[in-house]
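Me: I'd love a close look at one part of this protein, with enough of the surroundings to place it. Could you pick a single strand and walk me through it?

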Amino acid sequence: MSNQTVFSGIQPTGELHLGNYFGAVANWVRIQESGCYQAIYCVVDLHAMTMPYNPNELRKNTQQMFIDLLAAGLDPDKSIVFVQSMVPEHTELAWILGCVCAYGDLTRQTQFKDKSEQLEGKQDAFISAGLFTYPVLQAADILLYRAGWVPVGKDQEQHLELSRDIARRFNGQFGEYFPEPAVLSTETPKLLSLADPLKKMSKSLGPKHYIGLFEEEKSVRAKVRSAVTDTGEAGTEIGPGALNLLGLLRACGKADTAQAFEREYANGARRYAPLKEAVADALVELTGAMRQRREGIAGDRERVHKLMQEGAEKARAIARATMKEVRRLAGLPKHQE
Ligand code: AQP
């Protein structure tokens with residue numbers, strides 16, 4: 001890999017769930033621990049403003065997501081961890097990139113269609129222009145750090161493709177400057193809902209569809225126990241619900257156990273209670289330490305505040321240098337700091 005900078009972000013729209021963790025954040029930690037990359041991770045609070053929100057909740061959720069990322073394994077001594085709105089260069093670059101992004105490309109983004117449809121059904125529906133231009137801000141997030149790699153789940157692949165188009169158009173118009181970022185996927189790029197395994201695990205479907213990374217053991221076990229599995233006859237294919245549980249088991253580092261169940265099922269057995277128990281045990285084992293770490297971090301608000309400031313300063317140092325060059329290339333006057 002020639003470009004060693006990795007960037008990714010997460011919205012502070014509520015609790016971190018297993019889909020976020022296994023689809024993205026677990027990879028962030030692995031990348032950080034490999035020591036081979038400049039890893040930059042961000043709580044993208046500006047993106048969370050594209051759907052109706054409450055300012056006090058956004059403030060609280062942003063700090064909580066920052067804490068949760070540290071509890072999940074991000075280390076501010078090894079990665080740059082920061083909050084997007086504390087680095088104003090993100091919005092400045094978004095404007096410039098918006099001017100090299102085709103309107104037609106934005107109209108084809110499926111996330112906009114899905115989210116605006118969700119809103120249309122509601123009373124006083126308001127669909128913001130921010131929701132429409134969201135992928136431009138996402139391109140700015142990535143390109144501001146000239147990142148070559150973006151560890152995200154499958155649902156973000158279309159946006160990444162657009163980020164590449166935007167980088168290409170900027171380079172074509174103003175001179176080669178931005179790398180074209182590529183997706184780095186985990187082995188679980190799309191974790192499915194436990195209650196409806198034809199849909200991706202997502203908060204907006206409601207609490208029975210997802211498991212929070214810091215959820216209480218009792219609730220984790222209850223949700224896994226009631227997960228939808230197929231009731232297929234011997235010899236038929238394993239259904240998506242059971243496959244999803246097997247994937248979860250593998251994601252928790254229990255590949256051997258998953259393989260043993262697969263062998264059983266290949267021989268025609270269809271007993272899902274032991275599989276569910278193994279998944280619940282693996283999740284409780286994995287998340288127990290994180291829950292404890294979270295309590296410790298949350299108990300020292302002063303340190304959290306300091307880490308947020310320091311993370312933003314480190315990110316800004318890179319962002320300022322990029323913007324200096326972008327302004328020059330795009331024909332804008334020098335900017336006094
Ligand atoms: N189910 C999933 N499987 C794999 N990866 C997933 N991601 C999200 N859901 C899954 C990945 O998590 C990262 C953060 O995405 P986000 O900021 O869009 O997170 P979110 O808003 O919390 O995701 P939700 O639950 O899907 O939110 P709603 O329901 O509000 O839209 C990304 O890398 C994403 O791919």
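Reply: Here is a look at strand 3, followed by the protein around it. Please keep in mind that this is a predicted model.

Strand 3 covers residues 80-83, and both of its faces are covered. On one side sit I80 and F82, while V81 and V83 take the other, and all of these residues are buried. Buried here stands for under 20% relative accessible area. The two-sided pattern fits a general rule: in a regular strand, side chains alternate between the two faces of the sheet.

Now for the partner. Strand 2, residues 38-43, pairs with strand 3 in the parallel sense, over 4 bridges. Within this pairing, I40 of strand 2 stands opposite I80 of strand 3.

Stepping back, the protein holds 13 helices and 5 strands. Its radius of gyration is 21 Å, close to the 20 Å that the globule rule gives for 337 residues, so the protein is as compact as a globular protein of that length. Along the principal axes, the C-alpha atoms fill a box of roughly 70 × 45 × 45 Å.

The four residues of strand 3 are buried, and across the protein 50% of the 337 residues count as buried. Contacts reach far along the chain too: among those between residues at least 6 apart in sequence, 76% join residues at least 24 apart.

As for the outside, the accessible surface comes to about 16,400 Å², with 51% of it belonging to carbon and sulfur atoms. The protein has 41 positive and 42 negative charges, and their mean positions are 1 Å apart.

Note on methods: Residues are numbered from 1 along each chain as its sequence is written. This is a predicted model: local features need pLDDT of at least 70, side-chain atom pairs count only at pLDDT 80 or more; totals for chains, interfaces and linings use all residues. Side-chain values use heavy atoms; hydrogens and water are left out. Helices (H or I, at least four residues) and strands (E, at least two) are DSSP runs, numbered from the N terminus. The radius of gyration is taken over C-alpha atoms; the globule rule is 2.2 Å times the number of residues to the power 0.38. Buried means under 20% relative accessible area, exposed over 50%, partly exposed in between (1.4 Å probe, protein chains only). Contact means heavy atoms within 4.5 Å. Accessible areas come from the Shrake-Rupley method with a 1.4 Å probe; for residues, only the protein chains shown count as cover. Lys and Arg count as positive and Asp and Glu as negative; His and the chain ends are not counted. The place of a charge is taken as NZ of Lys, CZ of Arg, CG of Asp or CD of Glu. Two strands pair if DSSP finds at least two bridges between them.
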